[in-house]
Amino acid sequence: MPVVAVIGAQWGDEGKGKVVDLLAEEARVVVRFSGGDNAGHTVVNRYGEFKLHLIPSGIFSPRATSIIGNGVAINPGVLLDEIDQLNQRGVDTSRLIISDRAHLVMPYHLLLDGLEEEMRGGKAIGTTRKGIGPAFADKIARLGIRTGDLLDREVFRERLHFILNYKNTILTKVYGASPLSEDEVYRQYCQYGERLAPCIRETTVLLEEAIKRGEMVLLEGAQGTLLDPDFGTYPYATSSSPLSGGSCLGAGLGPARIDQTLGVFKAYCTRVGGGPMPTELADETGNLIREQAHEYGTTTGRPRRCGWFDAIAARFSTRINAFTQVAVTRLDVLDIMSSLKICVGYELDGKPIDYFPASAAALDRCQPIYEELPGWQVPTSEARQYDQLPALARRYTDRLEELIGCPVSLISVGMRREQSIFKMPLW
Ligand code: IMP
């Protein structure tokens, strides 16, 4: 059985949670490899509807071990709430494992995320304010505290003392905010550590053994390619890599281990937060898509910006992730449209270009060149096979496939697990 990376191919919120939940039925290990509780993965299955922020969407599969990988920034309070809520609703979380190398989101990260955003004023990124940027910045600055540190109180105390001293200086002297109490943070994180300790362990051996046994492993991304700190619309980006390359680093395996890279695209585009989005529809059509699809952030409740499918961004995403196959989600949202547009090119300062510019300012100036296709205006949510889709819906997904440059193997026509069409065998 293959090792499959499930990657957000646009600006996040593509429906990775549903895809992972669906595929996890066959998986033995599901590893969440990036982001933190800035992510919100909606899963609708026989247990009900869930909004997961940190726990892998494979948690519902009774045969799978779920790992929160080293590449995730964990707010332990949020994680424990999520575990409690799942348990209260009858979901077994005893197969949850947390990498001892994963970094912790600390209370000062949350404060600094808000203070830094305010400092940016009109240039604010529109972060989720979950402390994720500051936590990953500390990881790289070698000022992070990791889950494994919670297992040794002396190590934890010493590390906290050194780092909090530094953070309190920034909080008070740069921002004029109140300092945090070392004793309070210590006590609270020791409590978290006590509860999480049975789950915290080394995870690379477990992963290697599962792969050697030929078991199916899913690598679950968070956010989307166009929010990647290197390739996304920098600085309007997140702070860990949602790319297939990021899945190796964030789960702890080499690139040669990955057999399939499944890119998840919505049938249109959405984005939440600031930054350029060439196909944004700041008009009635955009509002229509938002209301039809209930496009509001899972984590923050913010309205998502909606727009037409951007094939230039999609091809870029396919290139840097090397997708081997693609899932197109939320096709049913477009059922109401009488006609549909797909962006097939950009015009930058009056000249056509065929690449996704690195500069956010340049991307902001790009004018989309559209191709128009007729809508199908027939409900698709009951279709279970490709040939049950209206001919015009097939024409639309075939065109997306052509433009993306990668086979579409899965089409989603609703939130529920069964509202899925396998256009071709996944492996
Ligand atoms: P941060 O990751 O909270 O620092 O936010 C940085 C940018 O990424 C902002 O534009 C957020 O709206 C966006 N972002 C973070 N997580 C998600 C997500 O799960 N879905 C969509 N956008 C996200």
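This is a short group-meeting talk on the predicted model shown above.

Okay, hi everyone. Keep in mind throughout that we're looking at a predicted model. Let me start with the whole protein and then zoom in.

The protein has 12 helices and 20 strands. How does its radius of gyration sit against a compact globule? For 427 residues you'd expect something near 22 Å, and the protein has 21 Å, so the two agree. If you lay the C-alpha trace along its principal axes, it spans about 65 × 50 × 40 Å. Buried residues make up 57% of the 427. As for the surface, the protein exposes about 17,300 Å², and 50% of that comes from carbon and sulfur atoms. One more overall number: take the contacts with a separation of 6 or more, and 75% of them are between residues 24 or more positions apart.

Now the sheet. It's an open one, built from 10 strands with mixed pairing. If you want to trace it on screen, the order is S9-S7-S5-S2-S10-S1-S11-S15-S19-S20. Which strands sit at the edges? Those are S9, residues 200–201, and S20, residues 420–422, each pairing on one side only. As a quick reminder, strands of a sheet pair through backbone hydrogen bonds, either parallel or antiparallel. At the S9 end, S7 (residues 96–99) pairs with S9 in the parallel sense, over 2 bridges. One residue pair to click on there: Ile-98 has Ile-200 in S9 as its bridge partner.

Next, helix H8, residues 244–251. This helix is mostly covered, with 6 of its 8 residues buried. The buried ones are Ser-244, Gly-246, Ser-247, Cys-248, Gly-250 and Ala-251. So what covers them? The cover includes strands S1, S2, S10 and S11, plus helices H7 and H10. Right after H8 comes Gly-252, which has a positive phi, near 95 degrees.

Gly-252 also takes us over to H7. Val-205 is found in that helix, which runs over residues 204–212. Val-205 and Gly-252 are 47 residues apart in sequence, yet their C-alphas are 9.4 Å apart in space. Is Val-205 buried, exposed or partly exposed? Its relative accessibility is 43%, and the partly exposed band runs between 20% and 50%, so Val-205 counts as partly exposed.

For contrast, look at Glu-117, which is in helix H3, residues 107–120. Its relative accessible area is 3%, so this glutamate is buried. What does Glu-117 touch beyond its neighbors up to four places away in sequence? That list is Ala-124, Ile-125, Gly-126, Thr-127 and Arg-129.

Last stop, the ligand. There are 16 residues around it, and the ones that come nearest are Asn-38, Thr-128, Thr-238, Val-272 and Arg-302. Let me go through some polar distances. A side-chain N or O atom of Thr-128 is 2.6 Å from a ligand oxygen. Arg-302 has a polar side-chain atom 2.9 Å from an oxygen atom of the ligand. And for Asp-13, a side-chain N or O atom is 3.1 Å from a ligand nitrogen. How much of the ligand does the protein bury? Taken alone, the ligand exposes 470 Å², and the protein buries 97% of that.

That's my tour, happy to pull any of it up on screen.

Technical notes. Residues numbered from 1 in each chain as written. Predicted model: local features only at pLDDT ≥ 70, side-chain atom pairs only at ≥ 80, totals over all residues. Heavy atoms only, no water. Helix = DSSP H or I, 4+ residues; strand = E, 2+ residues; numbered from the N terminus. Buried < 20%, exposed > 50% of the residue type's maximum accessible area, 1.4 Å probe, protein only. Contact = heavy atoms within 4.5 Å. Pairing = 2+ DSSP bridges. Near = heavy atom within 4 Å. Polar contact = N/O pair within 3.5 Å; in protein donor to acceptor, adjacent residues only side chain to side chain. Areas by Shrake-Rupley, 256 points an atom, 1.4 Å probe, with all protein chains shown as cover. Rg over C-alpha atoms; globule rule 2.2 N^0.38 Å.
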